[in-house]
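Work through the exercises below with the model open beside the text. Each task is followed by a solution in steps.

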Amino acid sequence: MNTKNEKQTILIIDGYHLLHKGYYGSLKRKTVAVNRDGVMINAIYTFVAKINELIDMNIYHTIIVTFDVGQGCWRRDLYPEYKAKRKETPEELIPQMQIIRQFLTSANIPWYEKPRYEGDDVMGTISKIACKLGYNVHILSNDKDTFQLVSDDVKIITNVSKKEKPTFVELSEVYEKFGCSPKQVPDIKAMMGDSSDNIKGIKCLHYKQATDLLEKFGTVENIYANIDQIPPGICSKLVSSKEQVLLNKKIATIQNNVQLGRIDFRKLRINWYAYLKFLKEQKMWAFTGNVVKNIENIKANGYDRSEQKCADATMNKICGNKKTSA
């Protein structure tokens with residue numbers, strides 16, 4: 001349970017990550033859910049199920065969802081080949097992306113997006129503002145780029161598959177996975193590249209060599225500023241790739257100053273009546289019982305979710321981490 005001295009925790013959800021995971025994860029089922037108009041809503045089902053689970057956990061002050069707009073991106077302006085090898089968004093998923101925005105609006109769950117910026121940049125900006133306001137932050141995403149946002153006040157929740165427990169990524173886990181600090185994640189990506197984003201790294205540079213350089217010099221900019229101190233073999237690799245590496249660093253760095261207007265950090269207050277109406281319109285009968293139960297509970301006891309559990313301790317327990325305190 002939260003005490004007066006504990007920080008309240010904000011959950012930021014990578015909306016497209018959750019939709020894509022729900023879409024591909026349910027395609028193998030015998031029947032795929034559709035709404036009254038015959039539109040597939042398999043991704044929406046998974047999304048709503050996760051939202052229900054997170055609300056019932058009662059560990060978050062509020063939940064905020066971020067999206068990519070999908071209409072160009074500043075990163076692609078700098079590097080046209082950025083994410084060029086990614087598959088196109090499935091046609092059946094496109095309408096679900098708009099429907100889920102309608103769901104969030106109906107349920108009174110705040111969501112944000114910004115043209116020409118990716119959801120990561122929106123998450124980075126909201127996370128920075130939340131921390132300045134004194135909140136603890138959890139980010140639900142499988143995108144390892146978000147590991148650069150990890151700090152004492154920011155943790156990442158990743159969930160690769162149903163067969164595995166989710167991972168609660170704190171500072172120590174970033175060092176274990178990347179061999180560097182969170183702030184250096186864009187630097188290691190700049191040197192090593194990232195095939196998933198179609199970013200080319202330095203040819204024949206070993207990961208250990210890259211982490212050793214960052215341990216000594218801190219950033220790729222400082223590495224090049226001290227290039228005369230680097231052994232000839234590695235030096236030549238760095239020099240020949242300098243332009244690409246510095247460009248990679250820009251592309252790999254999540255922005256934290258996107259103009260989003262006023263962010264709604266008020267305590268989460270679900271509009272269960274509009275929530276129920278949405279479910280009925282979409283023929284999502286599996287969730288109506290839980291919503292009706294919440295409505296009846298509010299009628300009987302009022303809307304009081306003040307006795308929240310500690311978010312960090314709860315997630316550490318769920319993920320099987322040894323830490324159990326805030």
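Two residues are in contact when heavy atoms of theirs lie within 4.5 Å. The model used here is predicted.

**Exercise 1. List the residues that Ile13 touches, leaving out residues up to four places away in sequence.**

Solution. Step one: apply the contact cut-off of 4.5 Å to heavy atoms. Step two: drop the residues up to four places away in sequence; what Ile13 then touches is Leu18, Ile51, Leu54, Ile63, Ile64, Val65, Thr66 and Leu140.

**Exercise 2. Describe the largest nonpolar core: which members touch the most other members, and which elements supply at least two residues each?**

Solution. Step one: this core has 46 residues, and Ile13, Leu19, Tyr60, Ile63, Phe103, Ile109 and Tyr275 are the ones that touch the most other members. Step two: go through the elements. At least two residues each come from strands E1 (9–14) and E2 (62–66), and from helices H1 (15–25), H2 (42–57), H4 (94–107), H12 (272–281), H13 (288–301) and H14 (311–318). Step three: find the largest share, which is the eight residues from H2. Step four: look for another core. A second one, separate from it, holds 43 residues, including Ile139, Met191, Leu214 and Tyr224. As background, nonpolar side chains in soluble globular proteins tend to be buried together.

**Exercise 3. Is H14 largely enclosed or open, and what does it pack against?**

Solution. Step one: take buried to mean under 20% relative accessible area. Step two: the buried residues of H14 are Ala311, Asp312, Ala313, Thr314, Met315 and Asn316. Step three: because six of its eight residues are buried, H14 is largely enclosed by the rest of the structure. Step four: these buried residues pack against E1, H2 and strands E4 (136–140), E5 (154–158) and E6 (167–169). Just after H14 comes Gly320, with a positive phi of about 80°.

**Exercise 4. How many disulfides are there, and why is Cys180 not bonded to Cys131?**

Solution. Step one: a search of the whole structure returns zero disulfides. Step two: check Cys180. Its closest cysteine sulfur, in Cys131, is 19 Å away, so the gap is too far for a bond. With 2% relative accessibility, Cys180 is buried. Step three: check Cys319, whose nearest cysteine sulfur, in Cys310, is 13 Å away. Cys319 is buried too, at a relative accessible area of 10%.

**Exercise 5. Locate Lys83 and Cys204, and give the phi of each.**

Solution. Step one: Lys83 sits in the loop between helix H3 (74–78) and H4, and its phi is near 55°, a positive value in a residue other than glycine. Step two: Cys204 sits in the loop between strand E8 (199–200) and helix H8 (207–217). Its phi is positive, about 65°, although Cys204 is not a glycine. Step three: Cys204 is exposed, at 61% relative accessibility.

**Exercise 6. Does the radius of gyration agree or disagree with that of a compact globule?**

Solution. Step one: for 326 residues, a compact globule would have a radius near 20 Å. Step two: the protein has 22 Å, which agrees. Step three: add the other totals. Along the principal axes, the C-alpha atoms fill a box of roughly 75 × 50 × 40 Å. The protein has 14 helices and eight strands, and 49% of its residues count as buried.

How values were computed: Residues numbered from 1 in each chain as written. Predicted model: local features only at pLDDT ≥ 70, side-chain atom pairs only at ≥ 80, totals over all residues. Heavy atoms only, no water. Core = buried A, V, L, I, M, F, W, Y, C linked by side-chain atoms within 4.5 Å. Buried < 20%, exposed > 50% of the residue type's maximum accessible area, 1.4 Å probe, protein only. Helix = DSSP H or I, 4+ residues; strand = E, 2+ residues; numbered from the N terminus. Disulfide = S-S within 2.5 Å. Rg over C-alpha atoms; globule rule 2.2 N^0.38 Å.
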